Amino acid sequence: SSGINAEYGEDAAQLKFPSEFKNADALLISEVHMLLKVRKEQNEEMDEDQELSAVFNKTLEYTEKFSFYQNRETIKAVRENLQSKNLHKFEAACLANLCPDNYEEAKALIPSLEEKFDDDELNEMLEDLKTFKDFQ
């Protein structure tokens with residue numbers, strides 16, 4: 001494996017993360033978008049509404065642009081579907097966030113999937129994600 005962090009035993013392609021991430025969840029972009037929207041609404045409801053930072057607004061814009069799942073029910077269904085598979089939480093978040101078109105793209109973007117799933121299994125997962133995305 002390559003990269004500067006490899007010498008520290010960190011490699012996302014091999015699902016090797018720093019100890020700080022041991023109990024952390026990997027969020028979907030759609031989840032981050034919902035959290036930021038709530039924060040913005042709370043800010044707007046305050047009497048002396050504070051200026052949100054440029055970083056906050058850029059992040060909100062980014063998450064809006066790349067948020068595939070539009071409501072809590074869909075996000076919950078996507079999470080439950082992916083958790084029922086033999087996926088690491090990082091792999092599940094990557095699949096949901098990237099929505100690859102096919103198994104080749106999924107394996108190129110998330111190398112750890114290569115050894116875990118055959119092409120048909122991966123394509124089935126991707127079809128499920130596409131269904132969640134299209135019918136919400």
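Leu 35 is found in helix H1 of this predicted model. Leu 35 counts as exposed because its relative accessible area is 55%, and exposed means over 50%. From Leu 35 to Pro 111 there are 76 residues in sequence and 29 Å in space, taken C-alpha to C-alpha. Below you will find the overall build, the pairing of two helices, and a few residues worth a visit in the viewer.

**The protein as a whole**

- The protein contains 6 helices and 0 strands.
- Followed along the sequence, the pattern reads α-α-α-α-α-α.
- The C-alpha trace spans about 55 × 40 × 25 Å along its principal axes.
- Of the 136 residues in the protein, 31% are buried.
- The protein exposes about 9,200 Å², and 49% of that area is supplied by carbon and sulfur atoms.
- Among contacts with a separation of 6 or more, 66% are between residues 24 or more positions apart.

**How H1 meets H3**

- Two packed helices are described by the angle between their axes and the distance between the axes.
- Here, helix H1 covers residues 29-45 and helix H3 covers residues 72-83. Their axes come within 10 Å and cross at roughly 150 degrees.
- The crossing of H1 past H3 is left-handed.
- On the H1 side, the contact is made by Ser 30, Glu 31, Met 34 and Val 38. H3 contributes Arg 72, Ile 75 and Arg 79.
- Sorted by character, the residues of this contact are 3 nonpolar, 1 polar and 3 charged.

**Leu 15 and its surroundings**

- Leu 15 lies in the segment before H1.
- Which residues does Leu 15 contact, leaving aside its neighbours within four places in sequence? They are His 88, Phe 90, Glu 91, Ser 112 and Lys 116.
- One of these partners, Ser 112, is 97 residues from Leu 15 in sequence, yet the two are 7.0 Å apart in space, C-alpha to C-alpha.

**Ser 112, a buried loop residue**

- Ser 112 sits in the loop between helix H5 (103-109) and helix H6 (119-134).
- Is Ser 112 buried or exposed? Its relative accessibility is 13%, and buried means under 20%, so Ser 112 counts as buried.
- The side chain of Ser 112 makes a polar contact with the side chain of Glu 91, at 2.6 Å.
- With neighbours within four places in sequence set aside, Ser 112 is in contact with Ala 13, Leu 15 and Glu 91.
- Glu 91 therefore appears in the contacts of Ser 112, which is itself buried at 13% relative accessibility, and Glu 91 is also in contact with Leu 15.

**Positive phi angles to look for**

- Most residues other than glycine have a negative phi.
- Leu 15 has a positive phi, near 60 degrees, in a residue other than glycine.
- Cys 99 also has a positive phi in a residue other than glycine, with a value near 45 degrees.
- Where does Cys 99 lie? Cys 99 is in the loop between helix H4 (89-98) and H5.
- Cys 99 is buried because its relative accessibility is 11%, and the cut-off for buried is under 20%.

Terms used: Residues numbered from 1 in each chain as written. Predicted model: local features only at pLDDT ≥ 70, side-chain atom pairs only at ≥ 80, totals over all residues. Heavy atoms only, no water. Axes fitted to C-alpha atoms, helices over the stretch in contact; angles between N-to-C directions. Helix = DSSP H or I, 4+ residues; strand = E, 2+ residues; numbered from the N terminus. Left-handed = near helix turned anticlockwise from the far one by under 90°. Contact = heavy atoms within 4.5 Å. Nonpolar A, V, L, I, M, F, W, Y, C, P; charged D, E, K, R; others polar. Buried < 20%, exposed > 50% of the residue type's maximum accessible area, 1.4 Å probe, protein only. Areas by Shrake-Rupley, 256 points an atom, 1.4 Å probe, with all protein chains shown as cover. Polar contact = N/O pair within 3.5 Å; in protein donor to acceptor, adjacent residues only side chain to side chain.
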